[in-house]
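Here is a short briefing on helix packing and burial. Keep the model open while reading.

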Amino acid sequence: MQRILLDTDTGVDDALAIILALNTPEMKVEAITTVSGNVYVDFCTRNVMLTLNAMDLGEYPIIAQGERQPLVKPLVTAAHVHGSDGLGDVTKLHGPDGSRSYPDPELRLAAASAVDLIIDLACQHPNDLVLVALGPLTNIAKAMDKNPNQMRNIKEIVLMGGAFETYGNVTTTAEFNIFVDPHAAQRVLDFGVPITLVPLDVTHRVMLKSERLKAECGVRSDRLAKFLRDATRVSMAYHHQREGFDGIYIHDALPIGLIARPDLFDTADAFVQVETSGQLTQGMTIADLRQGRPALKTNARVCVGVNAEGFIEHFFDCILST
């Protein structure tokens, strides 16, 4: 069983990734840490708790709150995609009696900060802990700066981020997670632990369509099925209006799938760098992924292919297994 730590800026696709990870038999989620990104970190932490509450878990992972601001540049958020609360505006929903459908949860947080918890778990589980980064890499970069020796115990970092042979989703050249804190991303790539990137090139091939969600969840009345319908509503409306399809990209669920089902993915070794100062290209990820041109120097694996339908089947098999 693979031990993982989820580092997340909990928006809609992050919530789906959390649900998938906690329902993947091959994984043990040791902790969840939060970081500003899709929304401010306080909202991200609350959204983790709302997601866990929707799952009716008997036992929660350790949860720690992390960094509020990127290393260098001002914070950019994505509430226009994920809703003002970051979770599809579920906190604004009310039941027939007028009560809130998703009231503010009790926050059960570790005393340690996210940065310190990451370091502590790297020490407790040497060469056995995978960091799964679903948001900006601020927490992880700060942990590397604070205690590089302990952070070299990390088995691997698997992150959702980057855009190589496709347009970005926040600028024409940059994917959101990398764009928010490009300096942290470059710091992590320079650190020397094994890294795998799951970029937009692959995540844009996997869509959770509204009709598929209705087919899987529409006949169910349990809390999780309701949460899945409610949390995805705003993002589906956004994508319908902006991109013309009824569904959402479930970007952050793919790193979870890659760890559990590597047979569904193709990867290539590469030397990845991040543009940190370009006026038009800040946050751009650069690597030569052309076939037949193996990189002479490498610092990462890049996911370059996915069995999209196979992944969607795996996703629903896991999250609705009960």
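The axes of helix 2 and helix 11 come within 8 Å and cross at roughly 140°. Helix 2 is therefore oblique to helix 11. Note that this is a predicted model.

**Helix 2 with helix 11**
- From helix 2, the contact draws on Leu50, Thr51, Asn53 and Ala54.
- Helix 11 supplies Arg223, Leu224 and Phe227.
- By class, four of the residues in this contact of helix 2 with helix 11 are nonpolar, two are polar and one is charged.

**Helix 1 with helix 2**
- Helix 1 spans residues 12-22, and helix 2 spans residues 41-54.
- Their axes come within 10 Å and cross at roughly 45°.
- An angle from 35 to 65 degrees is neither roughly parallel nor roughly perpendicular, so helix 1 is oblique to helix 2.
- The crossing of helix 1 past helix 2 is right-handed.
- On the helix 1 side, the contact residues are Ala15, Ile18, Ile19 and Leu22.
- They meet Val48, Thr51 and Leu52 in helix 2.
- This contact of helix 1 with helix 2 holds six nonpolar residues, one polar residue and no charged residues.
- Thr51 of helix 2 appears in the contact with helix 1 and also in the contact with helix 11.

**Helix 10: two faces**
- Which residues of helix 10 are buried? In this helix, residues 210-217, they are Ser210, Leu213 and Cys217.
- These three cover an arc of only 60° around the axis, so they sit on the same side of helix 10.
- An α-helix has 3.6 residues a turn, so residues three or four places apart point the same way.
- The face turned away from the buried side of helix 10 carries Glu211 and Ala215, both exposed.
- The cover over the buried residues of helix 10 includes strand 7 (207-209) and strand 8 (247-249).
- Helix 11 (223-243) and helix 13 (308-319) are also among the covering elements.
- Helix 11 thus has a part in two places: it helps cover helix 10, and it contacts helix 2.

**Threonine 24**
- Where is threonine 24 found? It is in the loop between helix 1 and strand 2 (27-34).
- Is threonine 24 buried or exposed? Its relative accessibility is 2%, so threonine 24 counts as buried; the cut-off for buried is under 20%.
- Leaving aside residues up to four places away in sequence, threonine 24 touches Ile256, Ala260 and Cys318.

Terms used
Residues are numbered from 1 along each chain as its sequence is written. This is a predicted model: local features need pLDDT of at least 70, side-chain atom pairs count only at pLDDT 80 or more; totals for chains, interfaces and linings use all residues. Side-chain values use heavy atoms; hydrogens and water are left out. Axes are lines fitted to C-alpha atoms, for helices over the stretch in contact, and angles run from 0 to 180 degrees between N-to-C directions. Helices (H or I, at least four residues) and strands (E, at least two) are DSSP runs, numbered from the N terminus. Angles under 35 degrees count as roughly parallel, over 145 as roughly antiparallel, 65 to 115 as roughly perpendicular and the rest as oblique. A crossing is left-handed if the near helix is turned anticlockwise from the far one by less than a right angle, and right-handed if clockwise. Contact means heavy atoms within 4.5 Å. Ala, Val, Leu, Ile, Met, Phe, Trp, Tyr, Cys and Pro count as nonpolar, Asp, Glu, Lys and Arg as charged, and the others, Gly among them, as polar. Buried means under 20% relative accessible area, exposed over 50%, partly exposed in between (1.4 Å probe, protein chains only). The arc is that of the directions from the helix axis to the C-beta atoms.
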